[in-house]
Amino acid sequence: MEGFEFFTPTKIVFGRGSVSEVAKETEKFGQKGLIVTDKGMIATGLVKKVTDSLDKAGREYIIWSDIVPNPRDVDIEKGAEFAGEQGIDYLIAIGGGSSMDTAKAIGALLTNGGKCSDWYEGNLKKEIAPLICIPTTCGTGSEVTHESIVNNTTTLEKDCIWGPQNSVKTAIIDSEMIDKLPAKILGSTGMDALTHAVEAYVCKASNVLTDAIALQAVRMIGDNLLKAVEKHEPEALDAMMAASTLAGMAFGNADVASVHSISEALGGYYDIPHGVANAMMLAPVSRLSIKGAPQKYADVAQALGVDTSKMSVYDAANAGVDRMQKMADALEIPHFSDMEMVDPKDFDRLARTAANADETADNPVLMTAEDFKRLFEELYSEK
């Protein structure tokens, strides 16, 4: 067995109603907090669940909600400037990956100074400002990863502020926060979590700990995602929140792979939501990658509930990919050919971006720019 490292400094508070613990968790971090969220979250009333706890405890805070999906460097830098002017001691992120990534990046600039572009090389000097994350989707796992994905408005590509200094202090995982999440968002973010788990398991950077965690996440998603979307059963919602966090721990200590290479290219250029891009690319990229890790893809099939007992390894692996696509279709995830903004003239650029992504090197089968372009052309031809 080869050596590896596993790093998980984040305290996890899990359970329905656990968001009421937020005020207690802030006490160790200072006097004044900045809540990082978006206007949609405020409108749902979810932010009030947090502020009620803070108000009851007499904690001081300010809400900053000027963020967008696929967080941009310019918005993050404005947020950091605002936080500095207000004398913020700690941050609370409420939302999906965009809110959490924005808060991490703001925290990085608060303590390290400079602009986002100064810290894309894993070279943070200081820990980010103390951060509590409260996810409101069951997809990103950002509450336990050590990176912030940033849309670079100069290159129209995604960059990353990463490293052990970019870690969350406390993650509060409360499935009441997704009780009223619309089915389409619950479905796409749940498939996002499945993508994280599958890629963490099959990628070349996996290890014995991430394998165990990732495969458990796959099992839980396979058992619970459709029930969570169709019936909003509390037990299924709990399981999906836990599985999302497990998947984040897995890929945060292993890697993702070429599904993410594509989704980040699509998100950076077309602003396609990350979860949707991952969900629609999971099965097609997995199919191309089976030959690099056939047994692992067969394991994924079994974890998703496929009866593989009488199948060959390759048949089982392909059956698992079939199951992934059936799940995506049942959840009404769009296909690549359905995306109106996609233009074949952009395929060369998108393919180069995907090929140059760091995680491409960890895909079970190394994909070149030509491979990515060929896949885009094949999927687009399904129109």
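1. His232 lies in the loop between helix 7, which covers 208-231, and helix 8. In this model, which is predicted rather than determined by experiment, the phi of His232 is near 50 degrees, a positive value in a residue other than glycine. The relative accessible area of His232 is 22%, and because the partly exposed class begins where the buried class, under 20%, ends, His232 is counted as partly exposed.

2. Helix 8, which follows that loop, runs over residues 234-253 and has 20 residues. From its first C-alpha to its last, helix 8 reaches 29 Å, which is close to the 28 Å expected at 1.5 Å a residue. A reader looking for the surroundings of helix 8 should note that this helix is mostly covered, with 15 of its 20 residues buried.

3. A second residue with a positive phi is found elsewhere in the chain, for Leu156 has a phi of about 60 degrees although it is not a glycine. Leu156 lies in the loop between strand 6 and strand 7, and its relative accessible area of 40% makes this residue partly exposed.

4. The two strands on either side of Leu156 form a hairpin, with four residues between them. Strand 6, residues 147-152, and strand 7, residues 157-162, run antiparallel and are joined by six bridges. As one example of this pairing, Asn151 has Lys158 in strand 7 as its bridge partner.

5. Which residue supplies the backbone oxygen that the side chain of Thr189 reaches? The residue is Leu186, whose backbone oxygen is reached at 3.3 Å by the side chain of Thr189. Thr189 itself lies in helix 6, which spans residues 183-202. Thr189 counts as buried, because its relative accessibility is 10% and the buried class takes in values under 20%.

6. On the surface, Met1, Phe4, Val208 and Leu209 make a nonpolar patch of about 430 Å². Among these residues, Phe4 lies in the segment before strand 1, which covers 11-14. The relative accessibility of Phe4 is 35%, a value that falls between the limits of under 20% for buried and over 50% for exposed, and so Phe4 counts as partly exposed.

Notes
Residues numbered from 1 in each chain as written. Predicted model: local features only at pLDDT ≥ 70, side-chain atom pairs only at ≥ 80, totals over all residues. Heavy atoms only, no water. Pairing = 2+ DSSP bridges. Patch = residues over 30% accessible without salt bridge, like charges linked within 9 Å, V, L, I, M, F, W, Y side chains within 5 Å. Areas by Shrake-Rupley, 256 points an atom, 1.4 Å probe, with all protein chains shown as cover. Salt bridge = Lys/Arg side-chain N within 4 Å of Asp/Glu carboxyl O. Buried < 20%, exposed > 50% of the residue type's maximum accessible area, 1.4 Å probe, protein only. Expected span 1.5 Å × (residues − 1). Polar contact = N/O pair within 3.5 Å; in protein donor to acceptor, adjacent residues only side chain to side chain.
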